[in-house]
Protein chains: 4
Amino acid sequence: MYTAKGAKTWFIPDGYIPEKSSGELTSHESVCVLNTSGAAARLRFTIYFEDRDPLAGIEVAVPGRRTMHIRTSSLGRDGMSIPVGVPYAIEVESDIPVIVQYSRLDATQSENALMSVMAYPLH
Amino acid sequence: MYTAKGAKTWFIPDGYIPEKSSGELTSHESVCVLNTSGAAARLRFTIYFEDRDPLAGIEVAVPGRRTMHIRTSSLGRDGMSIPVGVPYAIEVESDIPVIVQYSRLDATQSENALMSVMAYPLH
Amino acid sequence: MYTAKGAKTWFIPDGYIPEKSSGELTSHESVCVLNTSGAAARLRFTIYFEDRDPLAGIEVAVPGRRTMHIRTSSLGRDGMSIPVGVPYAIEVESDIPVIVQYSRLDATQSENALMSVMAYPLH
Amino acid sequence: MYTAKGAKTWFIPDGYIPEKSSGELTSHESVCVLNTSGAAARLRFTIYFEDRDPLAGIEVAVPGRRTMHIRTSSLGRDGMSIPVGVPYAIEVESDIPVIVQYSRLDATQSENALMSVMAYPLH
């Protein structure tokens with residue numbers, strides 16, 4: 001038996017998909033999820049904006065004993081996705097505990113810049 | 001009903017607004033706030049310095065179900081703002097729980113550098 | 001007597017060894033461990049992937065009153081190691097409390113990019 | 001009355017002073033301390049290494065209602081300081097609660113790289 005570890009709700013206030021890329025790498029963000037349990041974790045993402053209602057109900061499944069590094073550009077529902085160049089925030093809810101980290105590669109300039117934070121867990 | 005999540009007090013010891021920018025992007029810091037509740041959050045910022053008394057009582061409102069990515073250069077009161085090129089620290093107090101992340105883009109050189117931390121919550 | 005401080009289990013969801021290096025520095029990741037106790041800490045690493053079963057049972061000892069900055073490229077067992085260019089995640093279990101931080105230097109471009117997070121502790 | 005907030009003991013496992021600098025900025029690390037109380041905080045630093053005994057008993061005072069961004073290259077005792085180009089770790093103990101963040105600017109290449117973490121608090 002493998003135990004589910006971590007927390008069920010995580011927050012990332014600073015979401016931003018850079019508009020431009022240059023050089024060898026492409027600007028992107030990843031929401032990196034680790035599911036230590038033996039069963040799949042069912043995630044629901046809510047995307048918050050500065051000037052409009054949240055985009056809720058985006059579902060992603062992470063298999064048991066696996067990690068998944070989810071590109072934020074892949075998140076969407078009913079043809080709606082996260083626009084580039086717009087400040088936003090992320091809430092991740094899971095049916096079982098998981099661990100969530102957020103990283104951004106900014107390749108606006110030809111030399112890339114990196115940032116990463118552990119998401120903030122709700123206890 | 002949407003619940004307010006996070007904490008009411010957050011700290012960022014390493015504040016610094018770079019003096020210079022070059023290349024395509026402008027050096028800046030953002031205090032990124034997520035308010036998951038249905039009502040506005042009223043924030044009060046206190047700015048601490050190395051060599052003078054704090055600048056207290058800067059107020060910002062973050063609407064319910066919204067994020068706000070606040071440029072530190074926009075923070076001020078009575079004509080006082082945060083000087084560039086000076087080490088400082090930030091305390092954020094909110095009347096309801098919110099989540100706070102801090103990010104800095106340093107574009108002193110033409111290629112930018114990024115850093116980000118989840119602010120430290122008071123429990 | 002020196003006390004063991006920190007936690008016994010730590011997680012890093014965003015592991016990635018860049019495939020390329022250029023310029024003066026080499027792309028690498030470090031799992032930085034601090035053992036404040038007077039006795040050695042016995043660590044066991046489990047490496048999680050997106051598309052295959054975990055690589056478990058990698059053992060590393062950190063002497064008492066010492067830090068060790070462990071290159072992830074050095075982690076392996078029975079001839080298996082962490083492949084480059086593949087998203088993965090790390091679980092570190094220790095027999096006594098330690099403190100764990102993760103950092104990555106990406107030198108894909110000639111100018112390097114840095115990111116660092118405190119690993120997420122299980123309490 | 002101003003309350004002391006945060007924790008009395010903090011850890012930073014990944015310390016490293018880059019050997020080189022080029023371009024406009026100098027490679028350095030900062031241990032950024034915020035003291036929200038009305039009285040001075042008396043800090044004691046212990047520096048841990050990979051291959052030798054710790055360097056303990058380095059004292060720094062942070063005045064009340066102030067932040068101090070301490071360069072690690074300034075830390076020392078009895079003529080001993082932290083060598084450049086060597087992996088190390090930091091323990092900060094304070095007589096009253098403070099908040100501690102760690103940041104590194106790496107200017108080995110002419111374009112700088114930044115990383116920052118909130119130090120890990122002992123509760």
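**Exercise 1. Relating the copies**

Determine which rotation and which shift along the axis lay chain A on chain C in this predicted model, and name the kind of axis that results.

Solution. Begin with the general picture, in which two copies of a chain are related by a rotation about an axis and a shift along it. For this pair, a turn of 90° combined with a shift of 0.0 Å along the axis lays chain A on chain C, and the RMSD of the fit is 0.0 Å. That is the relation of a four-fold axis. Next, examine another pair: chain C is superposed on chain D by a rotation of 90° with 0.0 Å of shift along its axis, again with an RMSD of 0.0 Å.

**Exercise 2. The fold of one chain**

Describe the secondary structure of chain A, and then decide how its radius of gyration stands against the globule rule.

Solution. The count for chain A gives zero helices and 10 strands, and the order along the sequence is accordingly written β-β-β-β-β-β-β-β-β-β. The radius of gyration of chain A is 15 Å, close to the 14 Å that the globule rule gives for 123 residues, so chain A is as compact as a globular protein of that length. Taken along the principal axes, the box filled by the C-alpha atoms of chain A is roughly 45 × 30 × 25 Å.

**Exercise 3. Interior, surface and charge**

Work out what share of chain A is buried, what its exposed area consists of, and how far apart the mean positions of its charges lie.

Solution. Taking buried to mean under 20% relative accessible area, one finds that 59% of the 123 residues in chain A are buried. Among the contacts in chain A with a separation of 6 or more, 73% join residues that are 24 or more positions apart. The chain exposes about 4,600 Å², of which carbon and sulfur atoms supply 49%. Finally, the 11 positive and 14 negative charges of chain A have mean positions 10 Å apart.

**Exercise 4. Two backbone angles**

For C:Asp78 and D:Arg65, state the phi angle, locate the residue, and decide whether it is buried or exposed.

Solution. Recall that most residues other than glycine have a negative phi. C:Asp78, which is not a glycine, has a positive phi near 55°, and its place is in the loop between strand E6 (76-77) and strand E7 (80-81) of chain C. With a relative accessible area of 64%, C:Asp78 is exposed. D:Arg65, also a residue other than glycine, has a positive phi of about 60° and lies in the loop between strand E4 (55-62) and strand E5 (66-71) of chain D. The relative accessible area of D:Arg65 is 14%, and D:Arg65 is therefore buried.

Note on methods:
Residues are numbered from 1 along each chain as its sequence is written. Chains are lettered from A and ligands numbered from 1 in the order in which they are written. This is a predicted model: local features need pLDDT of at least 70, side-chain atom pairs count only at pLDDT 80 or more; totals for chains, interfaces and linings use all residues. Side-chain values use heavy atoms; hydrogens and water are left out. Copies are superposed by least squares on the C-alpha atoms of residues with pLDDT of at least 70 in both. Helices (H or I, at least four residues) and strands (E, at least two) are DSSP runs, numbered from the N terminus. The radius of gyration is taken over C-alpha atoms; the globule rule is 2.2 Å times the number of residues to the power 0.38. Buried means under 20% relative accessible area, exposed over 50%, partly exposed in between (1.4 Å probe, protein chains only). Contact means heavy atoms within 4.5 Å. Accessible areas come from the Shrake-Rupley method with a 1.4 Å probe; for residues, only the protein chains shown count as cover. Lys and Arg count as positive and Asp and Glu as negative; His and the chain ends are not counted. The place of a charge is taken as NZ of Lys, CZ of Arg, CG of Asp or CD of Glu.
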